[in-house]
Amino acid sequence: MEAMVGAVLHGGEDWQELQELYLGLLEHEDRQVRILAATCLGQLARVYGQLDEDRVVPELRRVKATDALSDIAVFLHPRRGR
């Protein structure tokens, strides 16, 4: 699981590849992996300043990942919170 977090922080330039990895891990059998995958999606927004929101946001809503959704709102749409 440390590798999941490390990939967000030090994964290079390909945020889209990481996004696909974490979206897939939202279906993992281990609940802790699913939770961390959602967290990592929120952190992609923080680190890279972009995500495919049309794909990510519905999946995070489906799994009720409110913290990750908040991260996306804060880091991709900071003016909406004002």
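The following paragraphs lead through a predicted model, from its nonpolar core to its surface.

The largest nonpolar core comprises 25 residues, and Met-4, Tyr-22, Leu-41, Leu-44 and Leu-60 have the most contacts inside it. At least two residues of this core come from each of helix 1, helix 2, helix 3 (31–48), helix 4 (53–62) and helix 5 (66–76). Helix 3 provides the largest share, with 9 residues. As a general background, nonpolar side chains in soluble globular proteins tend to be buried together.

Leu-60 offers a view of the surroundings of one such core residue. Leaving out residues up to four places away in sequence, Leu-60 touches Leu-26, Ala-38, Leu-41, Ala-65, Ala-68, Leu-69 and Ile-72. The last of these, Ile-72, belongs to helix 5. Ile-72 has a relative accessible area of 3% and therefore counts as buried, since the cut-off for that class is under 20%. Beyond its neighbours within four places in sequence, Ile-72 is in contact with Gly-42, Ala-45, Leu-51, Glu-53, Val-56, Leu-60 and His-77. The C-alpha atom of Ile-72 is also separated by 8.7 Å from that of Gln-50, although the two residues are 22 residues apart along the chain.

A polar residue can be followed in the same manner. Gln-19 lies in helix 2 (residues 15–25), and is it buried or exposed? With a relative accessible area of 2%, Gln-19 is buried. Its side chain makes a polar contact with the side chain of Glu-20, at 3.3 Å. When neighbours within four places in sequence are set aside, the contacts of Gln-19 are Leu-41, Leu-44, Leu-51, Asp-52, Arg-55 and Val-56. Among these, Leu-41 and Leu-44 are also listed with the most contacts inside the core.

Attention now turns to the surface. Val-5, Leu-9 and Val-47 form a nonpolar patch there, and together they have about 210 Å² of accessible area. Of these residues, Leu-9 is part of helix 1 (residues 2–10). Its relative accessibility is 42%, so Leu-9 is classed as partly exposed.

The final stop is the loop between helix 4 and helix 5, where Lys-64 is located. Lys-64 is not a glycine, yet has a positive phi of about 60°. In general, most residues other than glycine have a negative phi. With a relative accessible area of 66%, Lys-64 is exposed.

Key. Residues numbered from 1 in each chain as written. Predicted model: local features only at pLDDT ≥ 70, side-chain atom pairs only at ≥ 80, totals over all residues. Heavy atoms only, no water. Patch = residues over 30% accessible without salt bridge, like charges linked within 9 Å, V, L, I, M, F, W, Y side chains within 5 Å. Areas by Shrake-Rupley, 256 points an atom, 1.4 Å probe, with all protein chains shown as cover. Salt bridge = Lys/Arg side-chain N within 4 Å of Asp/Glu carboxyl O. Helix = DSSP H or I, 4+ residues; strand = E, 2+ residues; numbered from the N terminus. Buried < 20%, exposed > 50% of the residue type's maximum accessible area, 1.4 Å probe, protein only. Polar contact = N/O pair within 3.5 Å; in protein donor to acceptor, adjacent residues only side chain to side chain. Contact = heavy atoms within 4.5 Å. Core = buried A, V, L, I, M, F, W, Y, C linked by side-chain atoms within 4.5 Å.
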